[in-house]
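Please look over the following structure before reading the report, which moves from single residues to the strands and helices around them.

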Amino acid sequence: MPRQFFVGGNFKMNPTSREQKENIVKILNDADVDPNTEVVIAPPSLYILPLANILRKDFKVAAQNAYIKTSGAFTGEISPAQLVDAEVPYVILGHSERRTLFGETSELVAQKTRAAIDAGLSVILCIGETLVEREAGQCTQVIEKQLQAVVQVTKEADWSKIVIAYEPVWAIGTGKVATTAQAQEAHSDIRKFLRQAVSSAVAENTRVIYGGSVTAGNCSDLAGQPDVDGFLVGGASLKPEFVNIINSRR
Ligand code: PEP
């Protein structure tokens with residue numbers, strides 16, 4: 001079965017007003033989109049439910065983070081169980097901003113992935129190398145290490161709940177998009193790793209999406225690569241061009 005094209009919008013800590021949020025939703029709700037693409041919008045946690053209430057029903061919502069525990073004295077955190085209870089189907093985990101600004105290790109991201117799947121969530125698992133790592137020729141090694149931590153705590157069946165977002169750190173929010181060859185090579189390496197570390201079926205069926213300065217101008221070429229199954233979009237997900245990105249395979 002072909003892998004369903006997937007486009008996620010990571011709003012990060014935007015927008016900052018109810019009015020801006022409603023404007024974005026209006027653009028999405030009015031858009032003519034490819035019905036074969038799975039679209040998932042990740043607003044800040046405060047806006048997930050109000051946005052879900054007004055968002056078209058063929059689009060899903062995601063949280064941008066979740067903790068490893070179900071409940072308790074963890075001020076400021078959201079639990080996977082709470083997201084499930086609120087009918088939020090997806091969570092983004094391991095985003096590079098969480099790893100670099102908030103010190104999340106690959107082991108913590110793996111534990112969060114385990115907790116999210118156990119609670120019944122699907123996970124958009126972000127991995128990717130820094131510029132220094134790429135220039136040192138360590139791209140494959142870094143990605144494999146990030147994935148290995150997750151492989152260690154997951155079962156084969158869990159992978160149907162995971163979408164891998166390959167997001168080179170040097171491409172996030174910088175305007176420097178990976179070339180089609182760089183993206184294809186990394187995605188193919190990820191699939192090769194999954195084949196060896198988990199199974200051929202998981203390697204074939206797991207969606208590997210690209211993130212990092214995706215725009216309406218560069219999405220079609222990237223979407224044409226055989227191992228690119230969609231996008232995780234930051235900045236451009238807040239603009240009308242997000243609709244072009246959703247439709248990049250049409
Ligand atoms: C992201 O934050 O996941 C991202 C890919 O950001 P941008 O599209 O702005 O580079």
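Which residues does Y210 touch, not counting residues up to four places away in sequence? In this predicted model, Y210 touches Y166, P168, A171, V177, A178, A183, H187, L222, V228, G230, F231 and L232.

**The nonpolar cores**

The largest nonpolar core has 63 residues, and of these Y210 and F231 touch the most other members. The largest share of this core comes from helix α7, which supplies six residues. Apart from this core lies another one of twelve residues, and V40, A62, Y90 and I92 are among them. In soluble globular proteins, nonpolar side chains tend to be buried together.

**The barrel**

Eight strands form a closed barrel in the order β1-β2-β3-β4-β5-β6-β7-β8, and their pairing is parallel. From one strand to the next, the twist averages 25°. Strands of a sheet pair through backbone hydrogen bonds, either parallel or antiparallel. Strand β1, which covers residues 6-10, runs parallel to strand β8, residues 230-233, and four bridges join these two strands. In one of the pairs of bridge partners, G8 is matched with L232 in β8, and L232 also appears in the list of residues that Y210 touches.

**Helices on the sheet**

Helix α2, residues 45-54, packs on the sheet and touches both β2 (38-42) and β3 (59-63), while the direction of α2 makes about 175° with that of β3. Helix α7, residues 139-151, also packs on the sheet, where α7 touches β5 (122-127) and β6 (162-166), and its direction makes about 150° with that of β5.

**Helices packed on helices**

The table sets out two pairs of helices, with the angle and the distance between the axes for each pair.

| Helix pair | Angle | Distance between axes |
|---|---|---|
| α7 (residues 139-151) and α8 (residues 180-197) | about 40° | 10 Å |
| α1 (residues 18-30) and α2 (residues 45-54) | about 40° | 10 Å |

An angle of about 40° between α7 and α8 makes α7 oblique to α8, and α7 passes α8 in a right-handed crossing. On the α7 side the contact is made by T140, I143, E144, L147, Q148 and V151, and on the α8 side by A186, D189, I190, F193 and A197.

For the other pair, α1 and α2 pack at an angle of about 40°, and they are therefore oblique to each other; their crossing is right-handed. Here R18, K21, E22, V25 and N29 in α1 meet Y47, P50, L51 and I54 in α2.

**Two further residues**

Is R191, a residue of helix α8, buried or exposed? R191 is buried, because its relative accessible area is 3%, which falls under the 20% cut-off for a buried residue. Not counting residues up to four places away in sequence, R191 touches R3, A203, E204, T206, V208, D227 and D229.

N247 is found in the segment after α11 (242-246). With a relative accessible area of 15%, N247 is buried as well, and N247 touches D32, V33 and D34, again not counting residues up to four places away in sequence.

How values were computed: Residues numbered from 1 in each chain as written. Predicted model: local features only at pLDDT ≥ 70, side-chain atom pairs only at ≥ 80, totals over all residues. Heavy atoms only, no water. Pairing = 2+ DSSP bridges. Axes fitted to C-alpha atoms, helices over the stretch in contact; angles between N-to-C directions. Contact = heavy atoms within 4.5 Å. Core = buried A, V, L, I, M, F, W, Y, C linked by side-chain atoms within 4.5 Å. Buried < 20%, exposed > 50% of the residue type's maximum accessible area, 1.4 Å probe, protein only. Parallel < 35°, antiparallel > 145°, perpendicular 65-115°, else oblique. Left-handed = near helix turned anticlockwise from the far one by under 90°.
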